[in-house]
Amino acid sequence: MYADRIKKVAASLANSGNDILFVTPGADLRYLTGYDALPLERLTCLAIRNDGKSWMIVPTLEKPSALAHGVPEIGIDLLDWQETQNPYQILMASVGKSSSALVNNLMWVEKAFGIRSALGKEVALAGSLLSDIREVKTAQEVTFLHEAGAAIDEVHSNMHKWLRPGRTEREVGRDIAEAILASGHSRVDFVIVASGPNGASPHHELSDRVIEAGDPVVVDIGGTMPSGYCSDCTRMYVCGQPPAEYLEHYQVLLTAQQAARDHARPGVSCESVDAAARDVLIAGGLGEQFIHRTGHGIGMETHEEPYIVSGNTRNLVPGHAFSIEPGFYFAGKYGARIEDIVTCTETGISSTNNTTRELVIL
Ligand code: ZN
Ligand code: ZN
């Protein structure tokens with residue numbers, strides 16, 4: 001599988017007219033090799049040439065770890081460097097002087113500058129070269145995403161155990177984080193518990209605010225599974241009775257989220273999925289309060305291509321995985337968001353999240 005992915009990248013490199021791609025630790029490296037190397041100050045770097053030859057340099061002390069991850073079995077030559085050596089020179093040994101080189105988008109600048117200086121010429125960003133491949137998931141990856149969705153659903157379906165008036169967001173958040181791990185995730189990526197007015201900030205951090213009766217509470221949570229694939233799901237809760245106008249707004253949001261799910265299928269553009277949700281919110285008087293795009297792709301990273309946003313004219317294809325998460329936000333009052341991760345099938349979409357999208361009254 002990894003050898004195939006590297007072959008695909010080499011072919012894309014050749015098509016793009018570039019000679020070589022450098023990739024440092026992160027989701028790109030995990031996707032291409034399965035090696036979950038720590039991004040540290042010492043250089044670890046994969047090189048893929050457009051003729052398919054690939055090699056990786058690792059610090060000598062991390063060589064056992066690279067071997068344990070089976071890097072050589074993929075067909076990657078494993079090189080190592082000792083503390084007093086210059087790793088960039090070793091990395092460049094099989095690189096022609098006039099090579100046109102790309103670096104993965106999330107490479108640390110320090111490493112990109114090191115490569116540029118060792119190469120003696122400018123390097124460019126990989127841009128969409130890797131994401132074009134990563135964004136279309138295989139059947140196995142789709143299964144992993146559905147497993148992640150089922151695990152986070154389990155956490156949402158137990159929310160009544162933790163979320164109640166008199167507790168702080170932080171206390172509730174701690175319990176949720178534990179439950180995310182207990183549900184089978186190997187890592188907690190984020191826990192948003194945004195009560196009352198805090199719900200108006202889409203990426204609110206846990207605070208010591210005490211949750212009050214009648215507060216709508218945005219709970220947006222996600223983690224990474226042992227498979228390396230991520231979950232991300234938002235559901236809305238209220239302890240007791242929310243304001244009447246909130247309930248009206250919520251019905252509009254439910255309709256908007258459903259409209260985007262009904263619309264999404266192979267062959268429709270990403271921006272039209274955004275418009276499907278947005279048009280309902282605009283018609284319901286909430287256009288100004290919907291302050292973000294409708295969704296983002298997801299896989300080994302919580303946010304990746306394809307982005308469900310106005311201006312993205314790309315069409316959905318089977319294997320795309322992305323969120324549908326419209327919301328509304330009234331500063332100083334409250335907010336709401338409903339979020340599912342869906343995967344694009346041959347005929348429509350399949351939601352990885354299946355707990356109720358109705359406002360859950362606790
Ligand atoms: Zn999301
Ligand atoms: Zn989310």
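A salt bridge is a side-chain nitrogen of Lys or Arg within 4 Å of a carboxyl oxygen of Asp or Glu. The exercises below apply this and related ideas to a predicted model.

**Exercise 1. A salt bridge and its surroundings**

Determine how the side chains of arginine 187 and aspartate 189 meet, and whether each residue is buried, partly exposed or exposed.

*Solution.*
Step 1. The N to O distance between the side chains of arginine 187 and aspartate 189 is 2.9 Å. The limit is 4 Å, and the two side chains meet in a salt bridge.
Step 2. Arginine 187 has a relative accessibility of 43%. Partly exposed residues lie between 20% and 50%, so arginine 187 counts as partly exposed.
Step 3. Aspartate 189 has a relative accessible area of 27% and is therefore partly exposed as well.

**Exercise 2. The first zinc site**

Identify the residues that coordinate the zinc ion (ligand 1), and explain why the arrangement of its donors is called irregular.

*Solution.*
Step 1. Asp232 (OD), His296 (NE2), Glu325 (OE) and Glu339 (OE) coordinate the zinc ion (ligand 1), at 2.0 to 2.3 Å.
Step 2. Along the sequence, the spacing of these donor residues is D-x63-H-x28-E-x13-E.
Step 3. For comparison, ideal angles are 109.5 degrees for four tetrahedral donors.
Step 4. Four donors count as tetrahedral if all angles lie between 85 and 135 degrees. The 4 donor atoms around the zinc ion (ligand 1) subtend angles of 82 to 161 degrees, so the arrangement is irregular.

**Exercise 3. The second zinc site and the bridge**

State which residues coordinate the zinc ion (ligand 2), and which aspartate bridges the two zinc ions.

*Solution.*
Step 1. The donors of the zinc ion (ligand 2) are Asp220 (OD), Asp220 (OD), Asp232 (OD) and Glu339 (OE), at 2.0 to 2.5 Å. Asp220 appears twice in this list.
Step 2. The donor residues of this ion follow the spacing D-x11-D-x106-E in sequence.
Step 3. The 4 donor atoms around the zinc ion (ligand 2) subtend angles of 57 to 144 degrees, and the arrangement is therefore irregular.
Step 4. The zinc ion (ligand 1) and the zinc ion (ligand 2) are 3.1 Å apart, with aspartate 232 coordinating both. Aspartate 232 lies in the loop between β8 (216-224) and β9 (233-238), and glutamate 339 in the loop between β14 (334-337) and β15 (340-344). These two residues are 107 residues apart and link distant parts of the chain.
Step 5. The relative accessible area is 2% for aspartate 232, which is buried, and 0% for glutamate 339, which is buried too.

**Exercise 4. Salt bridges between buried residues**

Describe the salt bridges of aspartate 220 and aspartate 340, and place the partners in the chain.

*Solution.*
Step 1. Aspartate 220 meets arginine 337 in a salt bridge of 2.9 Å, N to O. The pair links strand β8, which holds aspartate 220, to strand β14, which holds arginine 337, across 117 residues. Both aspartate 220 and arginine 337 are buried.
Step 2. Aspartate 340 forms a salt bridge with arginine 261, where the closest N and O atoms are 3.6 Å apart. Aspartate 340 belongs to strand β15 and arginine 261 to helix α9 (residues 244-263), 79 residues apart. Aspartate 340 and arginine 261 are both buried.
Step 3. Salt bridges with shared partners also join Asp28, Arg134, Lys137, Glu301 and Glu304 into one network. The whole structure has 27 salt bridges.

**Exercise 5. The two domains**

Give the bounds of the two domains and describe the interface between them.

*Solution.*
Step 1. Domain 1 covers 2-133 and domain 2 covers 139-361. Their C-alpha centres lie 35 Å apart.
Step 2. In domain 1, 7 residues are in contact with 6 residues of domain 2.
Step 3. The size of an interface is often given as the accessible area lost when the parts come together. Domain 1 and domain 2 bury about 560 Å² between them, with 50% of it on carbon and sulfur atoms. On the domain 1 side, Ala27, Arg30 and Tyr31 lose the most area to domain 2, together 54% of what that side buries.
Step 4. There are 2 salt bridges across the interface of domain 1 and domain 2.

**Exercise 6. The surroundings of threonine 302**

Is threonine 302 buried or exposed, and which residues does it touch?

*Solution.*
Step 1. Threonine 302 lies in the loop between β10 (295-297) and β11 (304-308).
Step 2. Its relative accessible area is 15%. Buried means under 20%, so threonine 302 is buried.
Step 3. Not counting residues up to four places away in sequence, threonine 302 touches Asp189, Phe190, Cys230, Asp232, His296 and Gly297.

Definitions and conventions. Residues numbered from 1 in each chain as written. Chains lettered and ligands numbered in written order. Predicted model: local features only at pLDDT ≥ 70, side-chain atom pairs only at ≥ 80, totals over all residues. Heavy atoms only, no water. Donors = N, O, S within 2.8 Å, 3.2 Å for Na, K, Ca; no water. Tetrahedral: all angles 85-135°; square planar, octahedral: opposite > 155°, others 65-115°. Helix = DSSP H or I, 4+ residues; strand = E, 2+ residues; numbered from the N terminus. Buried < 20%, exposed > 50% of the residue type's maximum accessible area, 1.4 Å probe, protein only. Domains from an automatic or database assignment. Contact = heavy atoms within 4.5 Å. Buried area = accessible area lost by both parts, 1.4 Å probe.
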